[in-house]
Amino acid sequence: MTAALLTPDEIAAIRAQFPILTREINGHPLVYLDSAATAQKPTRVIEAEAAFYRQSNAAVNRGAHTLAGEATELYEDARATVASFLAVDPNEVVFTSHATEAINLVAYALGTASIGFGAGANAAAAPYAIGPGDEIVVTELEHHANLIPWQELAARTGATLRFIPVLDHGGLDLEAAATIIGERTRVLAISHVSNVTGAVTPLEVLVPLARAAGALIVLDACQAAPHLALHPRELDVDIAVFSGHKLYGPTGIGVLYGRAALLNSLPPFLYGGSMITTVTMERAEYLPSPQRFEPGTPRIAQAIGLAEAVRFVTEIGLDRIAATEHALTQRMLDGLARIPGIRVLGVDAPGPHVGLASIVVDDVHAHDAGQVLDEAGIAARVGHHCAQPLHRRFGVTASLRLSLAVHSSADEVDRALEAVASIRPFFGFDERGTA
Ligand code: PMP
């Protein structure tokens, strides 16, 4: 990490852009440590979305009137902004409702291609067809959004779903990965950063294995996009997805990046208007990406809001955000390590950890621990974070997750640490674990 850290003054100026941070919760200034679930929104994002509705609202693409033209331009500008953020071509950026939809889109399209169903399935999709004997590989730490669509694809096509196990330290078993990913592997679907441990997946190991196997590589970048520069081509992945709402953008917008040739060879996911060249009563011809995957009236205001969020993080600089959050994550992990009766899930996983920590407090259920934090004005997430298999692997059903954002300060981390240290004493447990 070579970029300069954000100074306290710069962080204060960033904080001033988030109106919600002026709220008090239970008599304390809000400490928002739930950005991994959804990020708060700076005023400029809220305004960008509102300005569209106030001034330029119209359906995109069709229509000769001025507002329709303006709306189309704003929407396509938003796509270009996201494309340059990812360093890819605009026609490789498809707007979806969220990352979950983006992954489902890919899994569904691959399934459709596999059974040669529908006019949209064309011969070019054949290399991606999946059938009995083929394998889809995920990891044991995936969010359900990057697990269940693959389970269903395997079930529909007769393929086998395999997974790279998690070791006791919380990192992936890379030796096992080298034997699991092989000539039968058709898809490798993995997260860039775990939403439970915060560990960065060693893509530099896994991607070459999948490439050598000729597999399609799908990256769930939900927990990476707000924290690290995300360049799918450099990472050599075929598909990358993330959600706008975790990147300080609106809800209701997700991004699917895919290599143009790949996207154009896949059949559509949803069918309807705005995606066709010609339609007869019998059949339809489909436009290339991105229109191919954006039927109906798309998420115009949300895309415009997301583009503003992308400009917001780009102006600060993803390298500076990454360096600052890295230092703050370390402060949080060091502080947690000093608190007795606390276990940090996957803290010993090798490599960098980004922006979050999930903890288990001895003798105290995560929901009760979360209540203690809420009393102190601290918003943290409790539960399995849509990663039940990983929690099962760690031998727990739930954890309490603290996640950072660009507006997080050292003071806030210290307040959270103090509150975490108070959890066991609050329930009458001393350091040796007796009530
Ligand atoms: N993958 C990961 C790693 C996530 O953290 C999340 C959100 N918790 C998702 C996928 C799904 O994102 P969304 O709910 O916005 O579709």
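In which pocket does the ligand sit? Select the ligand to begin, keeping in mind that the model on the screen is a predicted one; the ligand sits in the second largest pocket.

Next, select the residues around the ligand, which are His98, Ala99, Thr100, His143, Ala145, Asn195, Asp220, Cys222, Gln223, Ser243, His245 and Lys246. If you colour this shell by side-chain character, its residues divide into 3 nonpolar, 7 polar and 2 charged.

From here, go to the polar contacts, taking Asp220 as the starting point: an N or O atom in the side chain of Asp220 is 2.5 Å from a nitrogen atom of the ligand. Then move to Ser243, where an N or O atom of the side chain is 2.5 Å from an oxygen atom of the ligand. At His245, a polar side-chain atom lies 2.7 Å from an oxygen atom of the ligand. Show the surface at this point: the ligand taken alone exposes 390 Å², and the protein buries 88% of that.

Stay in the shell for the last stop and select Cys222, which is one of the residues around the ligand and is buried, with a relative accessible area of 10%. Now add Cys386, which counts as partly exposed at 33% relative accessibility. Why is there no disulfide between Cys222 and Cys386? The closest cysteine sulfur to that of Cys222 is the one in Cys386, and because the two are 11 Å apart, they are too far for a bond, whereas a disulfide would need the sulfur atoms within 2.5 Å. Seen from Cys386, the closest cysteine sulfur is likewise that of Cys222, and the structure holds 0 disulfides.

How values were computed: Residues are numbered from 1 along each chain as its sequence is written. This is a predicted model: local features need pLDDT of at least 70, side-chain atom pairs count only at pLDDT 80 or more; totals for chains, interfaces and linings use all residues. Side-chain values use heavy atoms; hydrogens and water are left out. A residue is near a molecule or strand if one of its heavy atoms lies within 4 Å of it. A polar contact is a pair of N or O atoms within 3.5 Å; within protein, one must be able to donate a hydrogen and the other to accept it, and residues adjacent in sequence count only if both atoms are side-chain atoms. Accessible areas come from the Shrake-Rupley method with a 1.4 Å probe; for residues, only the protein chains shown count as cover. On a 1 Å grid over the protein atoms alone, a cavity is a set of points where a 1.4 Å probe fits but cannot get out, and a pocket is an open set with protein on both sides within 12 Å along at least five of seven lines; lining residues have an atom within 4 Å of a point. A molecule sits in a cavity or pocket if more than half of its atoms lie within 2 Å of its grid points. Ala, Val, Leu, Ile, Met, Phe, Trp, Tyr, Cys and Pro count as nonpolar, Asp, Glu, Lys and Arg as charged, and the others, Gly among them, as polar. Buried means under 20% relative accessible area, exposed over 50%, partly exposed in between (1.4 Å probe, protein chains only).
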